[in-house]
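Trainee: I should be grateful for a close look at a single part of this structure, explained for a reader who is new to it.

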There are 4 protein chains.
Amino acid sequence: MIKSKTTLRVRYSETDQMGFVYYGNYPQYLEIGRVDALKSVGISYRSMEESGYGLPVKDLVIRYHNAALYDDELVITTHVINMPTNKITFDYEIHRGEDLIITAQTTLFFVDASKRACRPPVDFREKMKAYFN
Amino acid sequence: MIKSKTTLRVRYSETDQMGFVYYGNYPQYLEIGRVDALKSVGISYRSMEESGYGLPVKDLVIRYHNAALYDDELVITTHVINMPTNKITFDYEIHRGEDLIITAQTTLFFVDASKRACRPPVDFREKMKAYFN
Amino acid sequence: MIKSKTTLRVRYSETDQMGFVYYGNYPQYLEIGRVDALKSVGISYRSMEESGYGLPVKDLVIRYHNAALYDDELVITTHVINMPTNKITFDYEIHRGEDLIITAQTTLFFVDASKRACRPPVDFREKMKAYFN
Amino acid sequence: MIKSKTTLRVRYSETDQMGFVYYGNYPQYLEIGRVDALKSVGISYRSMEESGYGLPVKDLVIRYHNAALYDDELVITTHVINMPTNKITFDYEIHRGEDLIITAQTTLFFVDASKRACRPPVDFREKMKAYFN
């Protein structure tokens, strides 16, 4: 299993007139969480893209538990529970202190330079193996 | 049942470096779809908020089928299948011509001026009733 | 001279907790205005990019006169006053009815497929000439 | 004079299909820079808003020097050169290492709870005075 934590501060631009973080801004936060989860095991998403791979999102689920406010410090906890195949699933929780803000899940799949579904790069698979034995 | 269609054109700002609409921009499109669905039955979300009500999102699910591109014309089809209670569920499909781009569902709930869960305004319930008998 | 008008409706996601359109969302509106100004003279920005050209922004100036609100209908008036060289300057006004919301100016320059500054494509220059004699 | 530095990492959502940070995302970065500049002298923008004040932007100028890329680490340097009156002007530079990405300036003005222009709060003026004698 992989687990990582990322801290971020809510930007003014991310609020809406209800006074909370706009519900559509959380996918950005999730993406920050999963890039950090990959970094924590030595995988750079930027390098992976530069070598021709992509990881588009197939499925997104978010449950909103509490509202986050401007200038709040949020902690994104990201998990990869199962060994990735051609797909990889990330689970997320975002907290402000003890308060649970959202829970979420995304499933992504690998594409090659021609944007077709493909197997993950060898380096990715080898780094992942170390965490799922 | 309520059904409405909304057309929009993809903005440059909505693409990412993969060359597609960023996955996190679709919740904005969904919100445009559901506001139009409410307008189609005579309900103004803006007026509802001005009179003290809010409709935060509780659950969001998106399945990504195909990528949308800059300057694409997209059609959002929004349904309300069940009579709203204190919650309201919207189902969405976004197409570019014949191509299915995403399917999605959101569930929202009513809050009053103090941001507590509440029943929908009377006017909302009466307008809805006409569509669910 | 080139002049075009574009209408758009303010999205909920574009507001911030002050209750107005976030100041940083206007550049998106300007981009919609200038793409429409080019379309009005038969130039597709999308096609231009597909054939290897780009038009990055060099300078942006915005003066904020009045706040725009959620669901407001805004009209972007876009002008090109001078014949484009390797650079092109757009002037903008955004109104809500009679109210002036912002005035703005952007200057962009042409880049080729290797992202180096270059002359505009021949087709662009010919279409422009018709408007600046 | 006030001077502060803020570091941020470019998010995937902030890129566009040209492969660079979208020009319209820099105002968000500037806002992060100026909130940090205020924090550095003991002023919380969040608290100021909670006590009824606002600081809308009147003027924005950005000059784009170089493109920023996904995952770049950017440093925003924010200056307040002149003692604020009812208005406050911030100057900014954003760098990636030695590369200058943009220079910018924003002028903001104080509004009270009814959104009318007003003098800054007493606490703000006192904290500022210490830096402009």
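Leaving aside neighbours within four places in sequence, with which residues is B:Asp59 in contact?

Mentor: Apart from neighbours within four places in sequence, B:Asp59 is in contact with A:Arg63, B:Thr106 and B:Thr107. Two residues are in contact if their C-beta atoms, placed from the backbone, lie within 7 Å. The model is predicted: local features need pLDDT of at least 70 and side-chain atom pairs count only at pLDDT 80 or more, whereas totals for chains, interfaces and linings use all residues. Residues are numbered from 1 along each chain as its sequence is written, while chains are lettered from A and ligands numbered from 1 in the order in which they are written.

B:Asp59 belongs to strand 2 of chain B, residues 57-64. Helices (H or I, at least four residues) and strands (E, at least two) are DSSP runs, numbered from the N terminus. B:Asp59 counts as partly exposed because 15 other C-beta atoms lie within 10 Å. On this scale, a residue is buried with 20 or more other C-beta atoms within 10 Å of its own, exposed with 12 or fewer, and partly exposed in between, with C-beta atoms placed from the backbone. B:Thr103 is 44 residues from B:Asp59 in sequence, and their C-alpha atoms are 14 Å apart in space.

The contact with A:Arg63 leads to the neighbouring chain. Strand 2 of chain A and strand 2 of chain B pair in the antiparallel sense over 5 bridges; two strands pair if DSSP finds at least two bridges between them. In this pairing, A:Ile62 stands opposite B:Leu60. In general, strands of a sheet pair through backbone hydrogen bonds, either parallel or antiparallel.

The contact between these chains takes 16 residues from chain A and 16 residues from chain B. On the side of chain A that touches chain B, the elements giving two or more residues are helix 1 (26-39) and strand 2 (57-64) of chain A. Strand 2 of chain A provides the largest share of that side, 8 residues. By class, the side of chain A has 9 nonpolar, 3 polar and 4 charged residues. Here Ala, Val, Leu, Ile, Met, Phe, Trp, Tyr, Cys and Pro count as nonpolar, Asp, Glu, Lys and Arg as charged, and the others, Gly among them, as polar.

Chain A is superposed on chain B by a rotation of 180° with 0.0 Å of shift along its axis, at an RMSD of 0.0 Å. That is the relation of a two-fold axis. Copies are superposed by least squares on the C-alpha atoms of residues with pLDDT of at least 70 in both. Of the residues of chain A, A:Val61 comes closest to the rotation axis, with its C-alpha at 2.2 Å. The copies meet through the same surface, because 100% of the interface residues of chain A are also interface residues in chain B.

Chain B also touches chain D, through 9 residues from each of the two chains. On the chain D side, these residues divide into 3 nonpolar, 5 polar and 1 charged. A turn of 180° with a shift of 0.0 Å along the axis lays chain D on chain B with an RMSD of 0.0 Å. The same surface serves both copies, as 100% of the contact residues of chain D recur in chain B.

Within chain B, strand 2 has a further role beside helix 1. Helix 1 (residues 26-40) of chain B has buried residues, among them B:Tyr29, B:Leu30 and B:Leu38. What covers the buried residues of helix 1 includes strand 2 and strand 5 (99-109) of chain B. Helix 1 has 15 residues and reaches 21 Å from its first C-alpha to its last, close to the 21 Å expected at 1.5 Å a residue. The expected span of a helix is 1.5 Å times one less than its number of residues. Helix 1 is followed by B:Gly42, whose phi is positive, near 90°.

Strand 2 also appears in a sheet of the other chains. Chains C and D contribute to an open sheet of 10 strands with antiparallel pairing, in the order 1(C)-3(C)-4(C)-5(C)-2(C)-2(D)-5(D)-4(D)-3(D)-1(D). Its edge strands are strand 1 (2-9) of chain C and strand 1 (2-9) of chain D, each of which pairs on one side only.
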